[in-house]
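User: I'd like to learn how to read a structure feature by feature. Could you take me through this one?

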Amino acid sequence: MGKHESKTPLVSSKGLRVLSLFADASSQELSGADVHRLTGLASGTLYPILMRFEQAGWLESRWEEVDPRQAGRPRKRFYRITGSGVRSFQELVDEILPEVRAWASVRL
Amino acid sequence: MGFGEIVAGLILGIIGGMVANEIGDWSNQISRWFLWLAVKHLSHDLQDRYEEEWLAYLQETPGRLTRVMQAAGLIWGAIRIEHERRMPHTLPISAAAVRLFDLLMAMLMIYFCAPIMLIAALALLIESGGKEPIFFKQVRVGRDGKHFYFFKFRTVVIQPGQGQVGYEITKVGRVIRQFRVDELPNLYNVLRGDMSFVGPYPERPSMADVLEKKIEGFRERYRVRPGIISLAAVNLHTFYATPDLEIYARERLRYELEGIKNFGIVFTIKIILRAFVVILFQHTKRNN
C-alpha cells in the first residue's frame with residue numbers, strides 16, 4: 001500500500017478548469033483559496049483535484065515561508081504547475097479542441 | 001419617535017448584536033469541527049499537512065456562512081482524497097455512501113437495541129457479581145493495518161490470575177451469543193470509524209503477522225475498514241470446521257478480495273441481506 005501507479009489521471013471538465021488556470025498563470029503560485037476564488041470550485045471538489053494532479057506530477061506545492069507560531073496563523077500551501085503539467089495540458093487541449101470544434105460546427 | 005421606542009430599539013439592537021456575535025463564534029466552532037472531522041477521515045501521513053493547509057484555506061475564505069459550507073465540503077474532499085489513494089479505480093461516491101450508511105445504521109441500531117444491551121449488561125453484571133467486566137476489549141488490526149480496540153460483551157470466564165480470556169462460556173454468555181447480542185458493542189466501533197458493517201474479518205495482531213508473511217496479498221485487506229459481518233462468513237460458513245487456519249485464511253481471502261473489488265453501498269446491502277438469511281435459516285458455527 002501507499003504506492004501509486006503513476007498513470008495519467010482522468011481529467012474532468014473541472015480538472016481542466018484548474019489546470020488551465022495554472023497554465024495561464026504559469027510559474028505563478030496559487031493557494032487553494034486563490035484557486036477557489038478564480039475557478040469557483042468548492043473545497044470538496046477542489047482539493048481532490050489538486051491532490052490528483054500533484055500525485056501525477058503536474059503540480060508541485062510548497063509551504064508558505066512563514067513561522068506559524070510567530071505569525072499566529074497557519075501556513076498556506078502554494079501550488080505551481082510543472083513542465084510535465086504544461087505539456088499534459090497542451091496535449092489535452094490538442095486532443096479535445098478539434099472535437100469541440102466539430103461539435104460546435106454541427107450545432108451551429 | 002417616543003422615548004419607549006428608542007429604548008426598545010436600543011435593547012433590540014444590543015440583543016441582536018449579541019446574537020450575531022454568538023452565531024459568529026458558533027460558525028467558527030462549527031467550521032473547526034467540520035475541519036476536524038474531515039482531517040480524521042484522512043490517513044495519518046496526510047493529516048498534519050491538510051489540517052494546516054485547510055485551516056489556512058478557511059481563514060482565507062470570507063463570510064461566515066461560506067466558511068461553514070466550505071468546511072463541510074472538506075469532509076467530502078477528504079473522503080475523496082482518501083478513496084483515490086486507496087482505490088483509484090472505483091467511484092469516491094461509493095466510499096462516502098458506505099460511510100454514511102454505516103453511521104446512520106449504527107445510530108439507528110444503537111437506538112433500537114439500547115434496551116437489549118442494557119438487559120444484557122445487567123445480566124452480566126449480576127452473573128459475575130460485579131467482579132468481572134461487562135465488556136471485553138481486544139486489540140485487532142483495522143484499516144491501513146492500524147490497531148484498534150474491538151468491543152464485545154464478555155461471554156467467557158476470565159481466568160483468574162493474568163487477565164487472560166479463557167474459553168469457558170458463561171450461562172448468560174451462551175444466551176447472549178445465541179442471539180448475537182454479544183456483537184452489539186461493535187456498533188460503537190462503527191461509530192468511531194474503526195469498523196464498517198461489511199468488511200474483512202479483523203484479525204488479532206499476532207495472527208495477522210503470521211498470515212501477512214504466509215499469504216501473498218493479505219495486506220490488500222487493509223484497504224477497507226474491517227466489518228462486523230465478514231465478507232467471507234456469508235459464503236464460507238461450511239469452512240469453519242477446517243482445522244487448518246492457514247487454509248481457512250487463504251480461502252477466506254479470496255472472498256474478501258472479491259468483496260473489496262465490489263466495494264460499495266449495493267454490495268454492502270447485499271451482504272447484509274445474505275447474512276440475515278444465513279443467520280435465520282442455516283446453522284452456522286462461529287470461529288470466534
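User: Let me start with a single residue: is B:Arg180 buried, partly exposed or exposed?

Analyst: A word on the ground rules. This is a predicted model, where local features need pLDDT of at least 70, side-chain atom pairs count only at pLDDT 80 or more, and totals for chains, interfaces and linings use all residues. Residues are numbered from 1 along each chain as its sequence is written, chains are lettered from A and ligands numbered from 1 in the order in which they are written, and side-chain values use heavy atoms, with hydrogens and water left out. Now the general idea: buried means under 20% relative accessible area, exposed means over 50%, and partly exposed is in between (1.4 Å probe, protein chains only). B:Arg180 has a relative accessible area of 25%, so it's partly exposed.

User: Where does B:Arg180 sit, and what is its phi?

Analyst: B:Arg180 is in the loop between α5 (171-178) and α6 (186-192) of chain B. Helices here are DSSP runs of H or I with at least four residues, strands are runs of E with at least two, and both are numbered from the N terminus. Phi of B:Arg180 is near 60°, a positive value in a residue other than glycine. B:Asp144 also has a positive phi, near 65°. You'll find B:Asp144 in the loop between β1 (135-141) and β2 (147-153) of chain B, and with a relative accessible area of 29% it's partly exposed.

User: What is the make-up of chain A?

Analyst: Chain A has 5 helices and 3 strands, and along the sequence they follow the pattern α-β-α-α-β-α-β-α. Of its 108 residues, 39% are buried.

User: How do I read the sheet in chain A, and what is the order of its strands?

Analyst: In general, strands of a sheet pair through backbone hydrogen bonds, either parallel or antiparallel. The working rule is that two strands pair if DSSP finds at least two bridges between them. In chain A, 3 strands form an open sheet in the order β1-β3-β2, with antiparallel pairing. β1 (30-31) and β2 (59-63) of chain A stand at the edges with a single partner strand each, so one side of each has no neighbour in the sheet.

User: How many bridges join β2(A) to β3?

Analyst: There are 5 bridges between β2(A) and β3 (residues 77-81) of chain A, and the two run antiparallel. For one register point, look at A:Arg62: its bridge partner in β3(A) is A:Phe78.

User: Which side chain meets A:Arg62 in a salt bridge?

Analyst: The idea first: a salt bridge is a side-chain nitrogen of Lys or Arg within 4 Å of a carboxyl oxygen of Asp or Glu. The partner of A:Arg62 is A:Glu29, at 2.7 Å, N to O. A:Glu29 lies in the loop between α1 (13-24) and β1 of chain A and A:Arg62 in strand β2, so the pair ties together parts that are 33 residues apart in sequence. Both ends are partly exposed: A:Glu29 at 23% and A:Arg62 at 31%.

User: What about A:Glu60, which side chain does it meet?

Analyst: A:Glu60 forms a salt bridge with A:Arg80 (2.9 Å, N to O). This one goes from strand β2 to strand β3 of chain A, so it ties together parts that are 20 residues apart in sequence.

User: How many salt bridges does the structure hold over all chains?

Analyst: The structure holds 15 salt bridges over all chains. In chain B, B:Glu220 forms one with B:Arg223, the closest N and O atoms being 2.8 Å apart. Salt bridges can also link up into a network, as they do for B:Glu203, B:Arg221, B:Arg252 and B:Glu256.

User: One last contact: how far apart are the C-alpha atoms of B:Leu191 and B:Leu103?

Analyst: Those C-alpha atoms are separated by 5.9 Å, while the two residues are 88 residues apart along the chain. B:Leu191 is in helix α6 of chain B, and at 33% relative accessibility it counts as partly exposed.
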